[in-house]
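Here is a short round of questions on how certain structural terms are earned. Each reply sets a value against its definition.

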Amino acid sequence: MNDLSMMFAGSWLLLGVGLYGLMLAKHLLKLMIVLQVLVKAALLALISAAYLQGQGSLGQSLALTVIVADTLAAVIGLALAVQLKARMGTLMLDEMLQGEG
Amino acid sequence: MAILLLVLMLLSAVQAVHATRLLVATIWLAVLSALLATLLYLLGAWEIAVIELSVGAGLVTVLMVFVITMVGDVPTTSRLAQSGLLVGVMLAILGLLVLIAPSLGIDRPTLASAPADFATTLWAWRGLDVLAQIVLLFAGVLGILGLLSPVADAELSSVLPTATLASFNELDPQWQGIAEGQTVSGVYASPDYLAITEEALLESEHVS
């Protein structure tokens with residue numbers, strides 16, 4: 001069991017922490033932070049799996065796309081949060097869902 | 001060294017999830033990004049380590065701080081979710097299974113193509129990915145412009161009438177004495193609000 005296998009297993013633990021945070025999050029911006037944690041877990045799994053197979057450069061090329069897409073998703077999520085705060089006055093998920101009822 | 005980094009990453013991830021204030025959670029996220037970048041560098045993925053450090057610990061952190069300054073830092077208390085812990089434990093067990101997989105004799109398929117350096121792979125083999133990234137970037141920029149432009153404000157007001165009407169349920173005392181021909185501006189000029197004020201004025205006239 002070398003470092004790479006340990007990193008691959010560690011990405012599962014990071015995914016577990018991310019999913020745990022997904023259940024705890026009550027604020028929209030906290031949800032954005034938890035999303036970033038989840039994507040970092042996926043990134044670690046991708047890179048360590050690629051290096052385990054000996055295809056490091058291929059894994060890095062795919063990881064580049066993942067980083068770009070994840071950053072864009074975070075940025076658009078933040079812009080949505082700004083607009084939602086202006087419209088609804090709150091970013092707490094419970095209060096936002098109550099307003100629709 | 002790698003195990004130490006992994007443990008520190010997990011600790012900072014847990015702290016980011018449990019932090020009461022959003023700014024503190026953002027700082028822990030930046031720490032997580034920096035640790036991940038160091039780990040990726042140690043694994044040999046130098047280019048991705050640099051990009052992850054600059055984007056994760058730089059761009060995303062600064063953006064989050066911007067937005068938190070704009071919307072306000074509301075301290076939230078976290079509650080221990082029993083089911084969340086179960087998910088965490090389950091995934092930890094899965095991780096352990098992955099750890100002991102080599103000793104279980106599970107064969108891993110190997111790819112036949114010869115590995116090249118990062119630049120050749122990115123530009124020669126995954127060129128379409130780069131094109132997709134460029135398209136994504138432009139789509140993201142257009143999306144941001146569409147979300148944050150002044151025109152969007154007016155359009156969103158018409159799409160979410162309940163939000164704007166709810167705040168005008170009770171007549172603002174400032175506008176109770178609207179005289180005919182008096183101009184109003186901004187959101188108070190929306191037809192829904194003017195209809196409500198007219199109705200309320202007529203009612204008050206009837207009563208008095």
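The questions below take up helices, spread, burial, the nonpolar core, surface and charge.

Q: What kind of model is this, and which cut-offs apply?
A: This is a predicted model, where local features need pLDDT of at least 70, side-chain atom pairs count only at pLDDT 80 or more, and totals for chains, interfaces and linings use all residues. Side-chain values use heavy atoms, with hydrogens and water left out; residues are numbered from 1 along each chain as its sequence is written, and chains are lettered from A and ligands numbered from 1 in the order in which they are written.

Q: How many helices and strands does chain A have?
A: Chain A has four helices and zero strands. Both are DSSP runs, numbered from the N terminus: helices are H or I with at least four residues, strands E with at least two. From the N terminus on, chain A reads α-α-α-α.

Q: Why is chain A called more spread out than a compact globule?
A: Its radius of gyration, taken over C-alpha atoms, is 17 Å. The globule rule (2.2 Å times the number of residues to the power 0.38) gives 13 Å for 101 residues. The value for chain A is well over that, so the chain is more spread out than a compact globule. Its C-alpha atoms fill a box of roughly 50 × 25 × 15 Å along the principal axes.

Q: How many helices does chain B have?
A: Chain B has nine helices, and zero strands.

Q: What share of each chain is called buried?
A: Buried means under 20% relative accessible area (1.4 Å probe, protein chains only). In chain A, 59% of the 101 residues are buried. In chain B, 27% of the 208 residues are buried.

Q: What makes a set of residues a nonpolar core?
A: The members are buried Ala, Val, Leu, Ile, Met, Phe, Trp, Tyr and Cys residues, joined through side-chain atoms within 4.5 Å. The largest such core has 54 residues. A:Leu29, B:Met9, B:Leu39, B:Ile48 and B:Met64 touch the most other members. Helix 2 of chain A gives the most to this core, with 10 residues.

Q: Which residues does B:Met9 touch?
A: Contact means heavy atoms within 4.5 Å. Not counting residues up to four places away in sequence, B:Met9 touches A:Leu14, A:Leu44, B:Leu32, B:Leu35, B:Leu36 and B:Leu39.

Q: What supplies the exposed area of chain B?
A: Chain B exposes about 13,100 Å², and carbon and sulfur atoms supply 70% of it. Such areas come from the Shrake-Rupley method with a 1.4 Å probe; for residues, only the protein chains shown count as cover.

How values were computed:
Buried < 20%, exposed > 50% of the residue type's maximum accessible area, 1.4 Å probe, protein only.
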